[in-house]
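Work through the exercises below with the model at hand. Each one sets a task and then gives a solution in steps.

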Amino acid sequence: MGASILSDFGAEILIPVCAVIGIAFSLVQWVLVSKVKLSPGRESVNNGSGAKNGYSDYLIEEEEGLNDHSVVLKCAEIQSAISEGATSFLFTEYQYVGIFMVAFAILIFLFLGSVEGFSSKSQPCTYDKSKICKPALATAAFSTISFLLGAITSVVSGFLGMKIATYANARTTLEARKGVGKAFITAFRSGAVMGFLLAANGLLVLYIAINLFKLYYGDDWSGLFEAITGYGLGGSSMALFGRVGGGIYTKAADVGADLVGKVERNIPEDDPRNPAVIADNVGDNVGDIAGMGSDLFGSYAESSCAALVVASISSFGINHELTPMLYPLIISSVGIIVCLITTLFATDFFEIKAVKEIEPSLKRQLIISTVLMTIGIGIVSWIALPSSFTIFNFGDQKAVKNWQLFLCVAVGLWAGLIIGFVTEYYTSNAYSPVQDVADSCRTGAATNVIFGLALGYKSCIIPIFAIAISIFVSFSFAAMYGIAVAALGMLSTIATGLAIDAYGPISDNAGGIAEMAGMSHRIRERTDALDAAGNTTAAIGKGFAIGSAALVSLALFGAFVSRAAISTVDVLTPKVFIGLLVGAMLPYWFSAMTMKSVGSAALKMVEEVRRQFNTIPGLMEGTTKPDYATCVKISTDASIKEMIPPGALVMLTPLVVGIFFGVETLSGVLAGSLVSGVQIAISASNTGGAWDNAKKYIEAGASPHAKSLGPKGSDPHKAAVIGDTIGDPLKDTSGPSLNILIKLMAVESL
């Protein structure tokens, strides 16, 4: 077999060191962002980068220096309003989620502990009857602990991300006065803070948990890693509520603000006279940042856990080879270092000078991180794995070489890149698909909707092939372990992926603040350019999340099937077939719930906004302030109330099916929901992203074609706004929550 080159001690040091470097790097970025002052006073222009952008930048903006004082104060005031709104929402949400968490933890403990009638005696192992394993009660206790650990880590990472985003949004607006490059760097840096904190925290907590559990489990590795799976379950169950709750919140506010403000009253998007405008900006942070953070953390925790469970019953676990056992964690730690280098390319090596350089720079991030990571995986596979080993494959052991495992990870990594690029092609207004959608607005909203839907369905084709090929390759090389590490490969550059993803909402907020603070037209143009690029990167981030969710849930499905000792799932047996049908229906049921929640919450919001416009005197003239707090409250109440039913649907389905209909039907349900969920999720998020950017394309009027579609307020523009409003719940509520549905059901069944 041969041992691995990297010693066990080396692996034990490498992982925490990389995690600590990641945390340190994110703190450095945070310090750099905080250098932008939010207190009035003549800013020192030349902060060390005088050579690159000397004073010339400042002279253009000199006319805005007249009301400098009041603008800075106003930005600070708006920022604190957004920050307060977001914090109070998350605290309310976490109170409800906390109750749920404790209840679910007790459930897990009872279910797992009751296996041997709560015996605290040791018992023969599941896979090897000759050895004695730890009692079921211990596994139950440790699984519950790791569930709570995962849940808390998920909540903390979402919360920190939100704090950083609300900290950075006004700073981005102020930097936009100096030029688009400065604003880009501020927004991107704060995105990086979140990405690195999340990746490093997730890795560090998991690593510490494994080492602490080891003190009790000793040599019983399969028991140890089975208890660790709770970590992934905790991460994802929190993500579900964060995603659904946040998604309903943000879209209720957004749709309400758009319909009354832009369509009825003809005022700009983030006009301070619009009562729902603060709620809208709060929503961007709660849904897109806190939700997305927990979501990707969940995928990341689950793919690590799936890989570890399979490895623990393969030769790594049986022969107690620690370094290859920790291979999934080593990949992630190398990923942090790779992303660190990649981030420097965006912030330090290249300077952005013009608007058209924003998107290429973000795309470059993806390419650089993927190429570097491929090299990184190659090195890791060479030093951390023995030259040949065996992987558990439905009851027997399959011999695998280390280069085959390298290919598994690499194929996942590149599939992620392909999904990212296809998404970008279909949602960016630099390419023909979105321009065609914008063009169809000439004949009204109906054609716009038809074109948008068609675009979304069409955009499923290539990503599905990419996922299919990576599944085929990785499964034929290394069975279920291969699929788990392919998912990890897709998520290995999570820090960069999250950075470009969190960048979107931050620049969206920056635009809103510029509008509300009454800054000049030129600044709004810059923040809009940042925002349009941000829409595309957000779609790319969702593509990654969906692709990795598909692979992760397949790996979990595999672990479930091997654990439940089913060697084949026969589609022709009625039990399995009805499971497939019902499973394929679940994503539709779930989407229906979330869409309807957004619709009813938006209805309340529209009524409230109309009421304020009609009853508050001097509101349209801008002499009195609207009542922002009521709108924030409507969104909060609606989302907290409405996130329970969809959550319950996902959490209860596996329990009900498993208990009443048995394991075979459950395996059918899992397969069905995976197959239909991925398609809906991809098409929903791409359709929504395309409509949003078609609207921005018309508004920016950058090309002759866009100009011909008219300024803001023209008929094509109104049609585009309607499309964008329909697309909002698709791309920010239903689409992204579906990938959690897929993963969560699988990990819970396991």
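**Exercise 1. Find where confidence is lowest and where it is highest in the protein chain.**

Solution. Begin with the pLDDT, which is the predictor's confidence in each residue, from 0 to 100. In the protein chain the lowest confidence falls in helix H2 (residues 56-60), with a mean of 42, and the highest in helix H14 (residues 445-458), at 93; helices here are DSSP runs (H or I, at least four residues), numbered from the N terminus. Next look at residues 42-66, where the pLDDT is below 50, although this stretch has 27 contacts in the model beyond near neighbours in sequence, a contact being heavy atoms within 4.5 Å. Finally take the chain as a whole, which averages a pLDDT of 83, with 92% of the residues scoring at least 70.

Two conventions apply throughout. This is a predicted model, in which local features need pLDDT of at least 70 and side-chain atom pairs count only at pLDDT 80 or more, while totals for chains, interfaces and linings use all residues. Residues are numbered from 1 along each chain as its sequence is written, and side-chain values use heavy atoms, with hydrogens and water left out.

**Exercise 2. Describe the largest nonpolar core and name the helix that gives the largest share of it.**

Solution. A nonpolar core is a set of buried Ala, Val, Leu, Ile, Met, Phe, Trp, Tyr and Cys residues joined through side-chain atoms within 4.5 Å; buried means under 20% relative accessible area, exposed over 50%, and partly exposed in between (1.4 Å probe, protein chains only). The largest such core has 208 residues, and among those with the most contacts inside it are Phe184, Ile278 and Tyr481. Its largest share, 22 residues, comes from H5. To see one part of this core, follow Phe184, which touches Ala346, Ile352, Ile358, Ser361, Leu362, Tyr503 and Leu530, residues up to four places away in sequence not being counted. A second, separate core has 19 residues, including Cys441, Tyr697, Ala719 and Leu730.

**Exercise 3. Decide for Asn201, Ile21, Asn266 and Glu607 whether each is buried, partly exposed or exposed.**

Solution. Start with Asn201, which lies in helix H5 (residues 180-217). Asn201 counts as buried because its relative accessible area is 19%, and, leaving aside neighbours within four places in sequence, Asn201 is in contact with Ile23, Thr153, Leu160 and Tyr231.

Move on to Ile21 in helix H1 (residues 8-34), which counts as partly exposed because its relative accessibility is 36%. Ile21 touches Ile337 and Leu340, not counting residues up to four places away in sequence, and its C-alpha atom is separated by 9.6 Å from that of Ser333, 312 residues apart along the chain.

Then take Asn266, in the loop between H6 and H7, which is exposed because its relative accessible area is 52%. Phi of Asn266 is near 55 degrees, a positive value in a residue other than glycine.

End with Glu607 in helix H18 (residues 574-615), which counts as exposed because its relative accessibility is 53%.

**Exercise 4. Give the volume and the lining of the largest cavity, then those of the second largest pocket.**

Solution. Rolling a probe the size of a water molecule over the atoms shows where empty space is left. On a 1 Å grid over the protein atoms alone, a cavity is a set of points where a 1.4 Å probe fits but cannot get out, a pocket is an open set with protein on both sides within 12 Å along at least five of seven lines, and lining residues have an atom within 4 Å of a point. Grid points are joined across faces, edges and corners, and a volume is the space filled by probe spheres set on the points.

The search of the whole structure finds 13 cavities of 30 Å³ or more, and about 300 Å³ of space lies in the largest cavity. Of its 29 lining residues, Asp284, Asp508, Asn535, Asp692 and Lys731 are the closest to its centre. H17 provides the largest share of this lining, seven residues. By class, the lining of the largest cavity has three nonpolar, seven polar and 19 charged residues, where Ala, Val, Leu, Ile, Met, Phe, Trp, Tyr, Cys and Pro count as nonpolar, Asp, Glu, Lys and Arg as charged, and the others, Gly among them, as polar.

The second largest pocket holds about 960 Å³ of space, and of its 34 lining residues the closest to the centre are Val355, Glu525, Ala529, Ala700 and Ala702. H17 gives the most to this lining, with nine residues, and the lining divides into 15 nonpolar, six polar and 13 charged residues.

Conventions: Helix = DSSP H or I, 4+ residues; strand = E, 2+ residues; numbered from the N terminus.
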